[in-house]
Each structure stands twice: as structure tokens, then as C-alpha cells.
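Please read the following account with the sequence and the structure side by side. It begins with charged pairs and then turns to strands, a core, one residue in a strand and the confidence of the model.

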Amino acid sequence: MKLVFFFAALLLTLDVKGQSISGKVLEPSGIPLSFANVLLLTPSDSSLIKGAVTDTLGNFMIFEVPDGNYLISASMMGYKQVYLPPIRIERVALEGISIQLQEDSQQLDEVMVVEKRPFVEQYIDKMVVNVSNSIIASGSTALEVLEKAPGVTIDRQNNSLRLRGKDGVIVQMDGKQTYLSMEDLVILLSTMSSDNIDQIELITNPSAKFDAAGNSGIINIKLMENNDIGTNGSISFGAGTGRFDRERGSLQINHRAKKINVFGNYSANAGGGYFDLDSRQFIENGEQQNYIDQKTYIIFDNWGQNAKAGADYFLGKNTTIGVVWTGFWSNNGEDGTASSDFQRNNGDYYLETSTAKQISNISKNNVGNLNLQHKFGENGGQLTADFDIGQFKRQYSNTLQTDSHTPEEPNQPRQGLLTEMPTTITIRTAKADYSRVVFNDWNMEAGLKTAYVKSDNDLTLSQGEEGNLFVDPILSNHFIYTENVNAAYISFSGKLGESTQAQMGLRGEHTISEGKSLNSESSVKRNYLNVFPSVFISNKLSENHALVLSYSYRINRPSYQFLNPARSYVDPFLYSRGNAYLQPEYTHLLELKHGFKDKLYTSIGASFVSDLIFYLIQPVDSIRTERTPDNVGTSQSYNITMSYPLAITKGWNAQLNFTGFYSRFDYLYQENPIIVKQISSRLNMSNTFAFQKGWTGELTGWISSPSIQALARAPWLGSLDLGIQKSFSPKFKARLSIQDIFHTNKFIGKIDVPGFNSDYRLQLDTRVAMINLTYTLGNQDLKAARQRKLGSEEESQRTN
């Protein structure tokens, strides 16, 4: 708490020096114009001195203006640029400036025909995937879109995400952490329609303002929200098929008046899929060698919905208050069979099994948010505050019915295994962020946050002969995990010279947690304080070259399911269990990024992980295999990334993203020290085509070289997607997309450690053709220009 009081006291002692210029930018009709550019220029040569962007009420403010003569200019896509007569600043702030823009009809025509956000945009501090106007992304799920993002890999067999080859990624919704386990999160994303997603941000080295959680960075999924004046909206419907049918539908609507903005969206998706897994395992048990052949085929039946609704009320030019509610619902069913054949020393089979498997997974997730934004006059800075309360509920059941055959007993009684686990996760968070200019154009940001999470998992496991199951009190477990994290941060950013800018931050997080097993009456408590520094230094070497050096220290706390010691059976011979004694991972992240003409970005990064958490797959006996997470050792990873947009020919633009990795893992496996080294790479390329008469197209693909992740090895993998769009009018569009055209997006892996070997191949319903129809409401000429501005000025939006 001393750290919190120190930061709070520091906020009260800082002061502001210098004059300011403030005013408002208006549309031709007199309505305030949001997100317009306001520039402060020298009268002699119109060189830029400072700039600002108008807020949601059209207000702007430029701080720390020295005495002198200036020009003021205002501009925005779709409007003619305006220059005010020269002004003079001398000791007194200039207030009440009113700038009214006029529409530029020629520019609006160009916007409608030519301008289109690319699928992937690279910025100096993050990468942005533009989902809302992508042809290929339409009608997909959030998980399928993430799989196309450069640097993101998805392990569907283990339901996990990686960013730049590293585990420990944090996934946010509208800037807020979901607090779900990785498995629950992957299931949620797999049933979430992409039609309500605006952008996906990939932040590989976050600043002190962000939570310190996440070894490999943050993936922020930004849902649709429209800020246009008046009433706007859209409705879309998609249908298609792979091996199984899929249907999608979505609705977005927004109404904004002078004092209030009301918005909402809803999407639903339904469809099927399959899981086709072949694996062969070798288990050494003394002098005996055991071989297991397994084949699993499961059919999915999924139904998912997500919705968002909220309102902003503008109390005055300096204060905005808002409420937002976000909800997700899913109903996922699985029905299939798994067969296993066991043999010794490559001889005759001594056991053959066939298992019928049924899973029901029904979940809902609701989060409510109250937020406040206030500006303290012209020089007093800005305060934002958020209060959240959320609850995730899941009803899970897994039924296994197994027939076994041996040479001695060819017809054994059918055995049953029933797993039931209701889960409730309760989340409460509160945070406040304050920013202001403190001296000589240096900006200070500071904030406090508290988060409380309670996860309640009540697992009941029953087994026995079919029709006569009994509850196993040893394997059943009621596990409750509570975690309270209190955090404070402060950061300063500004110029160190004419061409060098710096940001230095410090974040402190105090964690109190307890994992309690009610069945065994045991608990594991943790109480620790960590300090996480971060440094970012950028230098404008010349007009075309810029360098950014960044460092941050981060933590990856174990997920709730990782800590739950209860067993979860995949089949009677493979189960997962948690580890209540897991320690957090800690990571040092370094990155040097070079930008050329704000187009070609090259970066070299390194990460060093201690107490590495990894799922160990190891034999329990000659027929059973266990998956359990453990702190296995350390890892170090080095990567080089390159991103470049290409204008190949008129109407054909491409974005190329390349990532190369070198990784080293030092860990213990069954008390054997193992060192694994690997070199791998991944190439993503997205192409956009503009044809005549309203036709556009997209072609995207990725390919990855052989790779190793601690125990698991993967060969060459890749996928190719195609999309075509026809605009019949500014309001009506039709899209056709084909994902994974050649059905090459498979998951092929190998595990080879002392005494244990496994080869597996997993195939899913990834080759899918979809047709999507979209009709848009509202003033589309104005809307198109503003949406592109929001895509490049996301910090100007209110964070929900």
C-alpha cells in the first residue's frame, strides 16, 4: 500500500507551466466534429509545431504554447482544410476558437471508390488487423480471424494461443482482460462471430499502463462501436458450408445526438464441425515396450451469441459518463468415438477399446461497466475511471462409455465415466487513470487498479459399469480459487532532444491468492509484491528513418484451471489435471524496431522466461497418459520481424509480414535435464484488389516452417484464403469467401523424450465457403471517412 500512497501523493504535487489554445471544430451545419486534426503552425513556412485531435464533442486543446505568432489549421478526410488568420500568444491562454469546416465533395467521391483499410496495418508500437471491412473475415469466428493474424498461432488440440511463438498471451475485449482460462477463452472465441469485431490489436511489448500479465504481450479485440452523428447501423447475414453447415447473423445500431450517444450490437452463429485425430504413442516401461494406436472422430454442434449495448452522456464540454454491457452465450456439443489399440513389443494386441463420447458445454459471460472521463479545465489534465463487474458461468458434462476386448475376456462389461463440473467465475475491478502535461511538453500518466476474481469449480466424477455409476470421492474435487491484485503505475513521456522521445514507467502489483480444495481440506496461499519497469525510447533519425527501443518486465500468473488439481478426462486413457503449486512465470522483453517511411518496419526482439509453465505429457502406466502443467525450467527466445506494404500495380496492394524465431528451452522431464533449440519462421501475406464496377477481392495466406515448443515438434504448415466482394450500392454489399482452399491447415506434431514418443495428426473442418450479405443504414459518405480516421486514431476513442 505504501506504493499506492506514494503515487497518489505524487499526483497532487505536480503542476503545469505554459499557455494553451482551446476551441471547437464544427461541421457545416454547426454540429461538433469529432476526431478532426488541429495543427499549430509557424506563419513563415507553415512548419508544424504541435497538434491535437478533437474529442467526441469537437473540442480541442493544445498545451504548453510559448509566446509568439502562429497559424492554426483544421482538417479531416471529406472536408476542405481551413487556415485561420495569424494569431499571437502572449502570457494569456487563448480560448473559445471556433473553426467550421466545409465539405469537399471531390474528396468524398474518392473515399467511396478508392480508400480501403488493409487487412493488416503495422504501426511503430503495435500491429492492427482490420476485421470489419475484410471480405475473408466476414462470416468467420473470432478464433478463425486470429489464426490469420501475423505472429499468432493456435494449438487447437490443447486449446491455446501463442504470440510470436510464445505462450502467456493475454486476450482482452475492448481493453479489458477476460480472466477466463485459456481453454474457456478459445471455446468462447470459436463461437463468437467476427461480424461484430472492428479491429484486433497485437501489442508485443505493452507499457506500464497495461496490466503486467502476459509473457508474450496482449491481443485486444475491439468490438464494433459507431460514433457518427445521427442514426447509423448495419445488418448482415452469412451462410456456408465445409463438411458441415454454418450460419451467421449480426446487427449493429447507433444513435448520437448532441448530448447522448446510444449504441448496441448483436450477433449469432450456428454450425457444425469435426475433430479428426490420429496418434501413435510409444511408452517404455522397464524392459517392456508398449505401443498405443488411437483414432478419435468427434462431431461438433455449436451455437453462440454475443451482444453489446451502452450509452455515453456528455454532461458538459469536459465531462462524459457512460455505461456498457457486454454478453456472450454459447452452447457447444460434441458427439463421437475414440478407439485405442494396445500392443507390447510390436507384437499382438493385448487390449482393444472403443469409447463413445458426448460433451455438453453451456456457458454465459456478462460484464457491466460504468466509466467516467473528465478534463480539469484547460491545464488540469484528464481523469478516466472504470468500474466493472462480471460473471462467467459454465455447465460442463462429459460422458464416456467404453467397450474393452482382450484375448482372455473378449466381451467385458461396458464401463462408464461421467464428469460434471459447474464453474462460476466472478470478477470485480476498479481503476482510475490520470494524465497531464507537467513541464516542457513532458506528459505524465498515473493510475490505480484493484481486481478481485473468484473461481468456483465443483467437479463430480462418477465411474463403474454402465447403468451403475458411483461417485468417486477421491477423484471428485470442489476447488475454489480467489485472487486479489492491487496495482499502481506512473509513467512519463516527452522529448529528450530535438529528435528523441522517451517513455519511462514503473508498475507495482501486489497479489494475494488462495487455491482451496474442499474435498481434501488443503489450500495453497500466495502473497507477493512485484515491481515492473518499462522503458521506450524513440529517435527520428531522419525524415525517413525512426528507431524505437523498448524494454519491459512481465508476469504470467497460472490460469485457474492450471491450478485446479482435479482430473479432466479426454478419454479413459488420457486425462489432464492441474497443479495447485504452480508459480508465476516472469519474463524480460526487449525489442528494437526500425521504421522506414512509416511503411517498412523491422524489429529484433528477445525474451527471457524463468519458471516456465508448460504442459508435460507423460505416461502414468503402460496404458494411461497424463497431461499436467509444471514449472519446468527456463526459456529464451529471439525473433526478427519485417512488415512492408506493397503497391504491386494499380488496384493491387499487398502487406507482407515475416517473423523468424530462435528459441532455447532448458527444462526437466522426469528428472532428466533436457535442452531443446530451434529455428523457425512464419510468413503472412495479404493482398487486396480493386476492380471496376464495385468489385474488390482479397487473397491471404500463411506458411510456417518446422518448429519446436518445449516437448512438441511441428512440420511445415500453411493455409490460403480467398474472398470476393461486390458493392451494389454504398449501402448493400455481398461477399463470398473460401477459407483454407487446399485444406492444408492441419495440426501435425511429434513428442520425443526419454521413455515416451508420440506422433499425432489433427484435422478440423477448416475448408469453408461462406456467402455474406450486408446492408448499412445512415449517411455512408460521412461515415466512411470517419471510420478510417478512427482506425488510425484509436486513442481518441473512449475506451469501454
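In this predicted model, the count of salt bridges comes to 12. One of them joins Asp211 to Arg507, with the closest N and O atoms 3.0 Å apart. Asp211 belongs to the loop between strand 15 (197-203) and strand 16 (218-223), whereas Arg507 belongs to strand 28 (residues 500-517), so the pair ties together parts that are 296 residues apart in sequence. Are these two residues buried or exposed? Asp211 has a relative accessible area of 15% and is therefore buried, and Arg507, with a relative accessible area of 4%, is buried as well.

Arg507 also forms a salt bridge with Glu509, where the closest N and O atoms are 2.8 Å apart. Glu509 counts as buried because its relative accessibility is 3%, the cut-off for a buried residue being under 20%. Glu509 in turn forms a salt bridge with Arg557, and here the closest N and O atoms are 2.7 Å apart. Arg557 is found in the loop between strand 30 (545-556) and helix 5 (560-563), while Glu509 is in strand 28, so this pair ties together parts that are 48 residues apart in sequence. Arg557 is buried, as is Glu509. Through salt bridges that share partners, Asp211, Lys449, Arg507, Glu509 and Arg557 are joined into one network. As a general point, side chains of opposite charge can pair when their charged atoms come close.

From the charged pairs we can turn to the pairing of strands. Strand 24 (residues 415-439) and strand 25 (residues 442-465) pair in the antiparallel sense over 22 bridges, and within this pairing Glu420 has Thr460 in strand 25 as its bridge partner. The two strands form a hairpin with two residues between them, and Asn440, in the turn, has a positive phi of about 45°. Strand 25 is also joined by 17 bridges to strand 27 (residues 477-495), again in an antiparallel arrangement; there, the bridge partner of Ala451 is Val485 in strand 27.

A further antiparallel pairing, of two bridges, joins strand 25 to strand 26, in which Phe470 stands opposite Gln463. Strand 25 and strand 26 form a hairpin with four residues between them, and Gly467 in the turn has a positive phi of about 85°.

Which residues have the most contacts inside the largest nonpolar core? This core has 27 residues, and those with the most contacts inside it are Leu161, Leu189, Ile200, Ile219 and Ile221. The elements that give two or more residues to the core are strand 10 (127-130), helix 3 (142-148), strand 11 (152-155), strand 12 (160-163), strand 13 (170-173), helix 4 (182-190), strand 15 and strand 16. Ile200 can serve as a point of entry: leaving aside its neighbours within four places in sequence, Ile200 is in contact with Met127, Val128, Val129, Val131, Val145, Leu146, Ile219, Asn220 and Ile221. In soluble globular proteins, nonpolar side chains tend to be buried together.

A polar residue offers another view of the interior. Ser73 lies in strand 5 (residues 68-75) and counts as buried because its relative accessibility is 1%. The side chain of Ser73 is joined to that of Gln81 by a polar contact of 2.7 Å, and a polar atom of the Ser73 side chain lies 3.3 Å from the backbone oxygen of Val82. Apart from neighbours within four places in sequence, the contacts of Ser73 are with Asn37, Val38, Leu39, Leu41, Gln81, Val82 and Tyr83.

It remains to ask how confident the predictor is. The protein chain averages a pLDDT of 81, and 86% of the residues score at least 70. Among the elements of the chain, strand 26 (residues 470-471) has the highest mean pLDDT, at 94, and helix 6 (residues 780-792) the lowest, at 31. Over residues 1-17 the pLDDT is below 50, although this stretch has 26 contacts in the model beyond near neighbours in sequence. Residues 106-115 likewise stay under a pLDDT of 50, and for them the model has 16 contacts beyond four places in sequence.

How values were computed. Residues are numbered from 1 along each chain as its sequence is written. This is a predicted model: local features need pLDDT of at least 70, side-chain atom pairs count only at pLDDT 80 or more; totals for chains, interfaces and linings use all residues. Side-chain values use heavy atoms; hydrogens and water are left out. Buried means under 20% relative accessible area, exposed over 50%, partly exposed in between (1.4 Å probe, protein chains only). A polar contact is a pair of N or O atoms within 3.5 Å; within protein, one must be able to donate a hydrogen and the other to accept it, and residues adjacent in sequence count only if both atoms are side-chain atoms. Contact means heavy atoms within 4.5 Å. pLDDT is the predictor's confidence in each residue, from 0 to 100. Two strands pair if DSSP finds at least two bridges between them. A salt bridge is a side-chain nitrogen of Lys or Arg within 4 Å of a carboxyl oxygen of Asp or Glu. A nonpolar core is a set of buried Ala, Val, Leu, Ile, Met, Phe, Trp, Tyr and Cys residues joined through side-chain atoms within 4.5 Å.
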